[in-house]
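User: I would like a close look at one part of this model. Please take it slowly and then set it in the context of the whole chain.

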Amino acid sequence: MFNKLSILTFRAFFGPFLATFFLTLFILVMQFVWKYIDDLMGKGLEFTVVAELLLYATANLVTLALPLGILLASIMTFGNMAEKYELVALKSSGLSLFRIMRPMLILVCILTLSAFLFSNYASPVANLKFKTLLWDVTEQKPALELKDNIFYNGIEGYSIRVKSKDNETGQLNDVLIYDHREENKGNTYVIRAEYGFMSKSANGQLLLLTLYNGDSYEEVAKNPRMVSNFPHVRNNFKKQIISFDLSGFNLTRSDENLFKQGYQMLNYRQLEHVADSLDQVKERKIESYLGYLERSICLTADSAVLKEPTSPATFGHLYDSDVNNIIIMAQNQIRNAKAYAQRTDYEDETRQKTINRYRVEKTRKVSLSLACIILFFIGGPLGAIIKKGGMGMPVVFAVIFFLVFHVLSMSGEKMAIANVVSVHTGMFLSYFVLVPIAIFVTIKANQDSALFDAASYQKLLSKIPLIKKTVK
């Protein structure tokens, strides 16, 4: 019976977990799509490129979707078991709530370890490829698209305008082209045609614009802006083919080594190594600053202005002009020391924020993984208390607790980076709120407490004399 119970509870949890995990992951990916939709649209990207970008983005969101999936699945599972009185039957047979939760807890611990390994080894690689590909996509030129009566300047050195375009035949009517490839000469070469057609060369690297029944105008003065009258050449043509280089519209892949040192592209040990190296650089900078400050404040009079060079430098042995020179020199040194101190303080603050970013990323790999266990101990007992399964009430509670977790985590992360609190305090800020809640709801669920029963609260309030009289 022991083994069969474990298998049944495991199956009851595993199905909802898979459904809620992939649903949560899909919602997070859609949020990514809406965030970067402007960078993806209108650039003629191939489906494989978009799919590759979404794959890397999905891999980055796994560690965030996993805690929410576990929270929602645990509420749904225990809510269903409580709603169908399965929990009552199990508890009546002498099993505690923790014993009922144990098979699921084992699975959650395995998922927690897997989440850490995934964030430590797979996420840095996915982040590196995602950032590199996203950079290439955002830097790519928009796809060539001519709109009616609007100048298109996407091709370097040209401005193209068409009056109208026939979508069925592809014919461009009243084509106007300004050629300003020569610098500092303006629009010295203009082409206008009655109609034309666009096509690509065999290798796809050239855009061929075939024009019919047109004229070209070219100014031949060396510097048209310096003279009021200058000659120009006009040519008539029946057909003319103009080629444009399309190599700038192709997606070029950047070298991934350019992005390798980002804090999101490193694993746990690499992050700690970089943070320690930056700490050593910071200490050397501080020592250098203290040495400079010590040399700056130890002001001695120059022997050239002393009346008695061999004696100590005191104002009593100096002329008035020498005293003024020393005061001016001291003021200059103080100004330089103050400016250097301000610059050093700013650099030290910036360097500390960089160090904090690496340590925050290192701690995030642990905190997000442990969140799976904490949220499970909130979701499971909470489901047993509310006694509701399905996608109704469980979703509401799951969203509320996940928002609390996410908001506190983001707030703590920002405070840790800004050096307001320590890195561990900031990254585990949400735990200070969620762990007591997890302990509380676990105890209440184990005691079969009616935590959300309105009748129990009315009965409790009725014992208060003032409220009892009011109710009567």
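Is Leu 18 buried, partly exposed or exposed, and what is its relative accessible area? Please start there and work outward.

Analyst: A caution before the details: this is a predicted model.

Leu 18 is partly exposed. Its relative accessible area is 32%. That value falls between the cut-offs, since buried means under 20% and exposed means over 50%. Leu 18 is found in helix H1. Its C-alpha atom is 9.1 Å from that of Ile 70, although 52 residues of sequence separate the two.

Stay on H1, which covers residues 2-35. Leu 23 has its place in this helix. Leu 23 is partly exposed too, with a relative accessible area of 39%. It helps to make a nonpolar surface patch of about 660 Å². The other members are Phe 26, Ile 27, Met 30, Trp 34 and Met 391.

Now to helix H3, residues 47-83. H3 has 37 residues, and 26 of them are buried, so the helix is mostly covered. Its end C-alpha atoms are only 46 Å apart. A straight helix at 1.5 Å a residue would reach 54 Å. H3 also has a kink of about 45 degrees, centred on Val 62.

Just after H3 comes Tyr 85, with a positive phi of about 65 degrees. Tyr 85 is not a glycine. It sits in the loop between H3 and helix H4, residues 86-92. At 60% relative accessibility, Tyr 85 counts as exposed.

A positive phi also turns up in a strand. Asn 213 has a phi near 55 degrees, and this residue is other than glycine. Asn 213 is found in strand E4, residues 206-219. It is partly exposed, at a relative accessible area of 34%.

Next, a loop residue with a distant partner in sequence. Gly 262 lies in the loop between strand E5 (232-245) and helix H6 (268-297). Its relative accessible area is 25%, which makes Gly 262 partly exposed. Gly 262 and Leu 128 are 134 residues apart along the chain, yet their C-alpha atoms are separated by 8.3 Å.

H6 leads to the charged pairs. The structure holds nine salt bridges. One of them joins Glu 272 to Arg 359, with the closest N and O atoms 3.9 Å apart. Glu 272 lies in H6 and Arg 359 in helix H7 (residues 320-386), so this pair ties together parts 87 residues apart in sequence. Glu 272 is partly exposed, with a relative accessible area of 22%.

Glu 272 forms a salt bridge with Lys 362 as well, and here the closest N and O atoms are 2.4 Å apart. Lys 362 is in H7 and Glu 272 in H6, so the pair ties together parts that are 90 residues apart in sequence. Lys 362 counts as buried, at 11% relative accessibility.

Arg 359 also pairs with Asp 276, the closest N and O atoms being 3.0 Å apart. Since Arg 359 lies in H7 and Asp 276 in H6, this bridge ties together parts 83 residues apart in sequence. Asp 276 is partly exposed, at 32% relative accessible area. These bridges belong to a network that links Glu 272, Asp 276, Asp 279, Arg 359 and Lys 362.

Finally, the whole chain. The protein has 12 helices and five strands. Of its 472 residues, 38% are buried. Among contacts between residues at least 6 apart in sequence, 68% join residues at least 24 apart. The accessible surface comes to about 28,100 Å², and 59% of it belongs to carbon and sulfur atoms.

Terms used: Residues are numbered from 1 along each chain as its sequence is written. This is a predicted model: local features need pLDDT of at least 70, side-chain atom pairs count only at pLDDT 80 or more; totals for chains, interfaces and linings use all residues. Side-chain values use heavy atoms; hydrogens and water are left out. Patches are made of residues with over 30% relative accessible area and no salt bridge: like charges are joined within 9 Å, nonpolar side chains (Val, Leu, Ile, Met, Phe, Trp, Tyr) within 5 Å. Accessible areas come from the Shrake-Rupley method with a 1.4 Å probe; for residues, only the protein chains shown count as cover. A salt bridge is a side-chain nitrogen of Lys or Arg within 4 Å of a carboxyl oxygen of Asp or Glu. Helices (H or I, at least four residues) and strands (E, at least two) are DSSP runs, numbered from the N terminus. Buried means under 20% relative accessible area, exposed over 50%, partly exposed in between (1.4 Å probe, protein chains only). The expected span of a helix is 1.5 Å times one less than its number of residues. The bend at a residue is the angle between axes fitted to the seven residues ending there and the seven starting there. Contact means heavy atoms within 4.5 Å.
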